[in-house]
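Take a look at the model below. The report then covers its domains, core, ligand shell and one small sheet.

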Amino acid sequence: MRIIVTGGSGFLGTHMIRALKNEGHEVKNIDLRPSRDNDVNTIIADIRNTDLMKQHIKDAEVVFHFAGLIEAGESVKFPQKYVDTNISGTISVLEAMRVNNIKTIIFSSSAAVYGEPLNIPIKEDDRTIPINPYGMNKLAMEGLISSYVEAHKFTGVALRYFNLYGPEEHHMPESHAMPRFIKQIFNNQEVTVYGNGEHKRDYIHIRDIVSAHFKALDYAIKNPEKYHYFNLSTEKPSTVLEIAREVEKAMNKQAKITYLAERPGDPLVLYANAQKARQYLGWQAQVSLEDGVKETVDYFLKYWEK
Ligand SMILES: NC(=O)c1ccc[n+]([C@@H]2O[C@H](COP(=O)([O-])OP(=O)(O)OC[C@H]3O[C@@H](n4cnc5c(N)ncnc54)[C@H](O)[C@@H]3O)[C@@H](O)[C@H]2O)c1
């Protein structure tokens, strides 16, 4: 198939494009920055620029929409910037799809749409009251996609996930726990955890997320002109301390852990139920935390050696 990926130079996009190309798909990436892989057809463009999007989002059957700003904490400080990039950018992408008659979109949503959950594990139809602008953006972006499904006979799939991890995760700055812990232990720095480290989170390996996107694409093709939304979860949450211990084990080195004050609005346990994805997509997370952390640590050690 001919597939356009927005944000294809990022962490998820890089893995996704490689996997799509391996399966023989023809891929075009749209991002503000070049791809890490030289063989990726990349258009450097801002998704907020509707004219440019109309020019480049064409001659494809599907769009995987990953581009955007991703830091919940930063979104609290700069809500307007988040709305401009994530929400206005998504309107641009959808408009470009509409005028060029591309009707299928697979979207990276987030468990941040749920905010402070009332029930754990979270189910798709639990209440969605985001507690930061990032989560609000994701919910609004889902709402835009479902509006295009209704008004223009689009097919949309939103995949909601928590903490991705895996090789080649390089966010700037890196606020995500796994690469941060690996770096801090490697550099003999203190590993900082909030509260007592017993907060449980859902860490999901990038390969499992990529495989879910393939299943979502199949599902979209078989179930057109509808809006679909799924949680992606391992259903096996780990405490922050367990993650640190797993990294220590893989690095064969002890962490110096420093405990910082608890962050307000940081729920103790946060993970989702993945029954719907199991049932309709036939998807289930496969990579164990032990194997995934080992692979990630090996990647970073080799990367820093270079
Ligand atoms: N990483 C996670 O843990 C996680 C969890 C839930 C959801 N998500 C979502 O998955 C998607 C991908 O996440 P990621 O970790 O790969 O992030 P990332 O920051 O590595 O990738 C995002 C990409 O979008 C590009 N981008 C940003 N603004 C743009 C703009 N205006 N125009 C064009 N390109 C722009 C960036 O250059 C970057 O390459 C995001 O939408 C994110 O919200 C990520």
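What follows is a short tour of this predicted model.

**Domains.** The domain assignment splits the chain into two parts, each built from separate stretches of sequence. Domain 1 takes residues 2-164 + 204-232, and domain 2 takes 166-201 + 235-272 + 287-305. Their centres, taken over C-alpha atoms, are separated by 26 Å. Across the boundary, 19 residues of domain 1 are in contact with 17 residues of domain 2. On the domain 1 side, helix 1, strand 7 and helix 7 each give two or more residues. Helix 7 gives the most, with three residues.

**Ligand shell.** There are 25 residues around the ligand. G7, G10, F11, L12 and S108 come nearest. Helix 1 (11-22), helix 4 (79-99), strand 5 (104-110) and strand 7 (163-165) each supply at least two residues of the shell. Helix 1 gives the most, with three residues.

The table sets out the make-up of the shell and of the domain 1 side by residue class.

| Set of residues | Nonpolar | Polar | Charged |
|---|---|---|---|
| Shell around the ligand | ten residues | eleven residues | four residues |
| Side of domain 1 that touches domain 2 | ten residues | five residues | four residues |

**Core.** The largest nonpolar core has 85 residues. V63, I106, F181, A216, L232 and V247 have the most contacts inside this core. Helix 7 supplies the largest share, seven residues. Why does the core lie between domain 1 and domain 2? Both domains give residues to the core, so it lies between them. V63 touches I4, T6, I57, V93, M97, I102 and I105, leaving aside residues up to four places away in sequence.

**A residue of helix 7.** S211 sits in helix 7 (residues 206-222). Is S211 buried or partly exposed? S211 has 19 other C-beta atoms within 10 Å. A buried residue needs 20 or more, so S211 counts as partly exposed. S211 and M16 are 195 residues apart in sequence, yet their C-alpha atoms are 8.8 Å apart in space.

**A three-strand sheet.** One open sheet has three strands in the order 12-9-14, with mixed pairing. Strand 12 (238-239) and strand 14 (269-270) stand at the edges. Each has a single partner strand, so one side of each is left without a neighbour in the sheet. Strand 9 (residues 200-201) pairs with strand 12 in the antiparallel sense, over two bridges. R201 has S238 of strand 12 as its bridge partner.

Terms used
Residues numbered from 1 in each chain as written. Predicted model: local features only at pLDDT ≥ 70, side-chain atom pairs only at ≥ 80, totals over all residues. Near = placed C-beta within 6 Å. Helix = DSSP H or I, 4+ residues; strand = E, 2+ residues; numbered from the N terminus. Nonpolar A, V, L, I, M, F, W, Y, C, P; charged D, E, K, R; others polar. Pairing = 2+ DSSP bridges. Buried ≥ 20, exposed ≤ 12 C-beta atoms within 10 Å, placed from the backbone. Core = buried A, V, L, I, M, F, W, Y, C linked by C-beta atoms within 7 Å. Domains from an automatic or database assignment. Contact = placed C-beta atoms within 7 Å.
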